[in-house]
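Morning, everyone. Please put the model up on the screen, and then we can walk through it together.

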Amino acid sequence: MEEYRQERSGRRRQQIIKWVRATGFIGGFFVLLMLIAVGSLWAYLKVQGPPPLSVPQSTLYYAADGTVIGEENFNGEKRYWVPIEEMSPALVNATVAIEDRNFYEHNGFDIKRIAGAAIADLKALDMVQGASTITMQYARNLFLEHDKTWERKIKETVYALRLEMNYDKDQILEGYLNTIYYGHGAYGIQAASQFYFGKDADELSLAESTMLAGIPKGPSNYSPLEDADAAKSRQKLILQEMAEQKLISAKELAVALREPLSYTGTHPTVANNIAPYFQDAVRAELQRTVGIDEKTLETGGLQVYTTLDPKMQKIAERAVEETMEDDSNMQLGFVAMSPNTGFVRAMVGGRDYQESPFNRATQAIRQPGSTIKPLLYYAALEQGFTPATSMQSEQTTFLFDEGRAEYTPHNFNNKYAEDDVTLAQALALSDNVYAVKTHLFMGTQTLVDTMRRFGISTKIDKVPSLALGTSGVRVTEMTNTYNMFANGGKDVRPQLIEKVVNRDGEVLYEAPQSSEQTLKKDRAFLMTSMMTGMFDRALNGYSSVTGTTVIDDITRAYAGKSGSTDTDSWMIGFAPQLTAGVWTGYDDGRDITNVTEKQYAKNIWVTFMEEALEGSPVKAFRAPEGVVGVYVNPATGKLATEACPTKRLTYFIEGTEPTEYCIEHLGRDDKTDEAPEEEESDPKDEPIEEPWYKKLFDWIG
């Protein structure tokens, strides 16, 4: 019997050992499978790499003073990205306390919360309770729909693991707070803070932070603008959670509950109604020059820092509105720039953006008329002309192609000097015959090449009339050519964008700054000095200087040139610190016949320049080294004497200044042009004494 019991006990032990071995084998097998599965999942997630964190964000446009002038919205949603360092710490703590108190301890999902939620779901046989962590909610916002299914939960967990494996906790929390929905079209804490309280996210108080932290659970239920009682109740719950977790004191809880909150209820960023033509030009520049595609522009959360000066923009718009009559169908293109940088400070592309978004400052190609002459005469200075170079001003017919073609330019009102005029006076009076003679003397290719050097990119017709501005240009490019005179000849181009920054703070683009000396500094100054002549009555001759109608309105030194064709009217000019150009005309190219309309461009220009520079230092145009100034008779270009009725300080390249004195007025009474009365005494009675000035001229030959 004893042997039987021992045998039976042995068989039982063997069975137990077999069961243990089997159980261990099976368990080990399942553990191995689990390890393989976990390892495979880990390897899969590693291979997949970090998931992209990009979500639609509003692109903001800033003026030069830092104010927001416009934005790009994704489907009308307000989305702005701010770093976690620029969020109120109270808001960050409140969100973690109520949404995921173990956020900094788990690896993307909370086992206890998931288990509790699973039990609740099994009891109800439905998805009734969620257990999503902040990481899982962020993953859902980034990659998934918001439907309640097991499949979505599994995907959510996988994405959460990928986030946790590739990003640190603060990056995940920053992304979550920038993407969650706070109601009323506000996505992210910055948009919510601005909408509800009219302030940035880093300015929120504890009471404001806890009020906002309660909204994402149900924006339609917990928005204080929808249900104040429910919102207050949830705020109290969040404050209690923070106190329980030792994030705030009991006193802070009580103070926050008592703090009265006032709500703005509006999105502060402006509609795109500030300088709309300018903003359109900026968008085009972002795509053409910076290389940003339209989708990135609309959803990339960029910060575009433009060159616009809001004060100057308002002055420009007001000058247009007050100058141009309401019943006129004339249009305009206007641009103002900083000479040293080319930064565009103001732009008006038409009289009404809503009626016509066509930008006449950047898109229209119109004949520049006589505003082209400073470029022509700059080339002439390089070929040896001086401000005193004289030519005959008379109606002239030029013959070409062995007499088969002819060209007869006309001056305004068909007035001519019928005598020699100097280059300086020809520019001030806008003598067309002088211009065409200069153009043909140098060869028609010279002006074409010069226009290209100045940055004109439009098609140029190499014809005799090019000297009178018959090839179309854009307002921005033409105005920028005067910028190059104003800055002493440096190569600048119109710039609308200073800098572009992405939502991570990386600089994608900065405006290039060129210090290349394209023009000769001394010749550029000579042209600037001669362009002041349109505002100087000392240069009046067979007609008045072209700036006569606005001379009495200017209070500082300006250089410029007006221009007109039958269909176009221009005024471009500058002070040392600002350049502005105006074109006016009809879109359909009809002639400008109204006398008042012909003055629009000059009047807009002078109004803008005077108001824009009000309060700024009055600066003079300073002569560079190698330039000398002498007083000349404007009519003859010769050195002025005391007998000359008019003298003007005129600048020359050193060594090219005139050496011959004007003798036209010698022997005449300085006060009148009448000959002096004869003496009654016999001239033989006393010796004849030669005048001092005749002795001087005899001495110098």
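Is Cys 662 buried or exposed? Its relative accessibility is 1%, so Cys 662 counts as buried. The cut-off for buried is under 20%. Keep in mind that this is a predicted model.

Let's stay with the cysteines. How many disulfides does the structure hold? Zero. A disulfide is a covalent bond between the sulfur atoms of two cysteines. Here the sulfur of Cys 644 has its closest cysteine sulfur in Cys 662, 3.6 Å away, and that is too far for a bond. The cut-off is 2.5 Å, so a distance has to fall within that to count. Turn it around and start from Cys 662: the nearest cysteine sulfur is that of Cys 644, and Cys 662 is in no disulfide. Cys 644 is buried too, because its relative accessible area is 7%.

Next, the rings. A search of the whole structure finds 18 aromatic pairs. I'll show you two.

Take Tyr 378 and Phe 454. Why is this pair called edge-to-face? The ring planes are at 85 degrees, with the centres 5.9 Å apart, so the pair is edge-to-face. Now find them along the chain. Tyr 378 is in helix H15, and Phe 454 is in the loop between helix H18 and helix H19. They are 76 residues apart, so this pair links distant parts of the chain. Both Tyr 378 and Phe 454 are buried.

The other pair is Phe 525 with Tyr 651. Their ring centres are 5.0 Å apart and their planes are at 80 degrees, so again we call the pair edge-to-face. Phe 525 belongs to helix H20, Tyr 651 to strand E18, and 126 residues separate them along the chain. Is Phe 525 buried or exposed? Phe 525 is buried, because its relative accessibility is 8%. Tyr 651 has a relative accessible area of 22%, so Tyr 651 is partly exposed.

Back to Tyr 378 for a moment. Ring pairs join Tyr 378, Phe 454, Tyr 482 and Phe 485 into a cluster.

Rings can also have a charge over them. Look at Tyr 305: the charged end of Lys 499 sits over its ring, 5.3 Å from the centre. Then look at Tyr 586. Arg 590 lies over its face, at 4.3 Å from the ring centre.

Now, empty space. Rolling a probe the size of a water molecule over the atoms shows where empty space is left. How many cavities of 30 Å³ or more does the search find? One. The largest cavity holds about 60 Å³ of space. Its lining includes Pro 387, Leu 539, Arg 648 and Phe 652. Helix H16 and strand E18 are the elements that give two or more residues to that lining. E18 gives the most, with three. By type, the lining has seven nonpolar residues, four polar and one charged.

The largest pocket is next. About 1200 Å³ of space lies in it. It is lined by 39 residues, and the closest to its centre are Asn 411, Phe 412, Asn 413, Gly 563 and Ser 564. Which element supplies the largest share of the lining? That is strand E14, with four residues. E14, strand E15 and helix H21 each supply at least two. In this pocket lining, 22 residues are polar, 10 nonpolar and seven charged.

Last stop: three residues in loops.

Pro 268 is in the loop between helix H11 and helix H12. Its relative accessibility is 47%, so Pro 268 is partly exposed. Its C-alpha atom is 6.6 Å from that of Gln 194, although the two are 74 residues apart along the chain.

His 184 lies in the loop between helix H6 and strand E4. Its phi is near 60 degrees, a positive value in a residue other than glycine. His 184 is partly exposed, because its relative accessibility is 29%.

Where does Lys 246 lie? In the loop between helix H10 and H11. Lys 246 also has a positive phi, near 65 degrees. Is Lys 246 buried or exposed? With a relative accessible area of 73%, Lys 246 is exposed.

That's the tour. Thanks for listening.

How values were computed. Residues numbered from 1 in each chain as written. Predicted model: local features only at pLDDT ≥ 70, side-chain atom pairs only at ≥ 80, totals over all residues. Heavy atoms only, no water. Buried < 20%, exposed > 50% of the residue type's maximum accessible area, 1.4 Å probe, protein only. Phe/Tyr/Trp six-rings, centres within 6.5 Å; stacked < 30°, edge-to-face > 60°. Lys NZ or Arg CZ within 6 Å of the ring centre and 35° of its normal. 1 Å grid on protein atoms, 1.4 Å probe; cavity = no way out; pocket = protein on both sides within 12 Å on 5 of 7 lines; lining within 4 Å. Points joined across faces, edges and corners; volume = space filled by probe spheres on them. Nonpolar A, V, L, I, M, F, W, Y, C, P; charged D, E, K, R; others polar.
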